[in-house]
Amino acid sequence: MAMLFMAPGLKAASWVEHLQAQDPGLDLRVWPNSGPPEEIEFILCWKHPLGEFRKYPNLKCIASLGFGVDHILRDPGLPPGVPVVRLVDEAMTRAMSEYVVAAVLNHTRRFNLFRQDQAEKVWKPRSSLHTPEVHVGIMGLGTLGRHAAATLRLLGFPVAGWSRTARQIEGVECFAGPKRLDEFLARTDILVCLLPLTPATRDILDRRVFARLPSGAYLINAARGDHLVEEDLLAALDSGHLSGACLDVFRTEPLPEAHPFWSHPGIALTPHSASHTYPADVAPQIVENYRRVRSGQAPLNRIDMDKGY
Ligand code: NDP
């Protein structure tokens with residue numbers, strides 16, 4: 001029985017090296033060289049070809065090579081009853097908080113504007129936003145949102161968070177559910193999206209949400225491109241209601257050359273680089289899950305299929 005690595009966009013060599021370092025006896029195959037399909041019990045995947053799972057009749061687990069599982073759940077051929085698991089990793093969590101802090105500070109310390117001034121050789125001192133008065137609001141209080149909230153608090157930002165179910169986090173004003181979304185938005189100067197992509201959160205960053213933010217608010221989306229209605233963001237920036245946005249993820253990746261985001265003065269963008277997966281860091285949890293599944297134990301970090309995350 002074997003594990004199959006199915007991530008056409010990733011270099012397999014480093015994954016094979018680190019997974020086999022955890023278990024030298026591991027029968028690890030790299031798609032499309034999967035051998036007899038009935039031998040595959042565990043698939044490790046990232047942006048796999050849709051419909052491919054159907055070919056493996058003895059699957060016991062599907063594992064994401066990232067924190068998100070939307071790339072797996074969108075497959076119409078997802079075998080019912082097979083557990084789906086995701087990665088949860090400290091280094092990736094820290095990296096995301098670094099990204100959020102960098103984006104927040106680029107805005108509040110005016111680095112975004114200073115870079116534009118520099119390009120035009122303009123010497124123009126600008127005062128920073130006053131940290132205790134900049135209310136950051138984080139959509140999603142999961143592994144990433146909670147860590148980012150704690151990190152921003154250390155810097156002195158007043159932080160609130162919004163989640164599906166009620167949460168209690170020391171020093172963070174917590175809001176939950178659609179009914180409290182408007183209240184959360186109304187107190188938020190910098191909106192950070194760290195939600196999973198589900199039917200309930202797709203297109204959530206739209207004109208309605210932007211209209212409820214105070215004038216001059218700033219958006220950071222480091223979750224998924226499909227959270228954002230792109231034309232609504234452009235309209236909110238062009239009307240001056242939003243002062244800017246920092247985006248790591250896009251509906252189409254790579255971002256097409258003709259896309260207006262590339263040259264918009266209010267947008268700072270990064271190419272889906274907020275947080276990388278390092279094979280050496282996560283190989284132990286993957287191999288542990290493989291061991292668990294083969295011995296009939298429940299895998300770690302299993303997704304709740306009803307919630308979609
Ligand atoms: P978690 O599953 O740990 O947490 C998800 C959070 O979102 C929870 O607080 C949950 O609420 C909340 N949530 C889910 N649905 C809703 C909803 N309908 N309304 C309000 N809140 C909701 O996720 P992570 O923190 O680990 O990751 C979040 C996402 O970040 C990933 O799914 C992935 O898409 C993205 N990501 C992006 C990366 C990048 O490089 N750009 C890297 C890694 C992840 P509750 O607490 O009630 O369950």
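Is cysteine 193 buried or exposed, and what is its relative accessible area? In this predicted model, cysteine 193 is buried, with a relative accessible area of 0%. The briefing below turns to the surroundings of the ligand and then to the cysteines.

**Surroundings of the ligand**

- The ligand has 28 residues around it, and those that come nearest are Arg86, Leu141, Thr165, Arg167 and Tyr309.
- By class, this shell comprises 14 nonpolar, nine polar and five charged residues.
- Two elements, α5 (143–154) and β7 (159–163), each contribute at least two residues to the shell.

**Polar contacts and burial of the ligand**

- Glycine 142 places a backbone N or O atom 3.1 Å from an oxygen atom of the ligand.
- Threonine 143 likewise has a backbone N or O atom 3.0 Å from an oxygen atom of the ligand.
- Aspartate 248 takes part through its side chain, where an N or O atom lies 3.0 Å from a nitrogen atom of the ligand.
- The protein buries 93% of the 940 Å² that the ligand exposes when taken alone.

**Cysteines**

- The structure contains zero disulfides.
- Cysteine 193 is in no disulfide, and the nearest cysteine sulfur, that of cysteine 246, is 13 Å away.
- Why does the sulfur of cysteine 246 form no bond with the closest cysteine sulfur? The closest cysteine sulfur, in cysteine 193, is 13 Å away and therefore too far for a bond, since a disulfide requires sulfur atoms within 2.5 Å.
- Cysteine 246 has 8% relative accessibility and therefore counts as buried, the cut-off being under 20%.

Note on methods
Residues numbered from 1 in each chain as written. Predicted model: local features only at pLDDT ≥ 70, side-chain atom pairs only at ≥ 80, totals over all residues. Heavy atoms only, no water. Near = heavy atom within 4 Å. Polar contact = N/O pair within 3.5 Å; in protein donor to acceptor, adjacent residues only side chain to side chain. Areas by Shrake-Rupley, 256 points an atom, 1.4 Å probe, with all protein chains shown as cover. Helix = DSSP H or I, 4+ residues; strand = E, 2+ residues; numbered from the N terminus. Nonpolar A, V, L, I, M, F, W, Y, C, P; charged D, E, K, R; others polar. Buried < 20%, exposed > 50% of the residue type's maximum accessible area, 1.4 Å probe, protein only.
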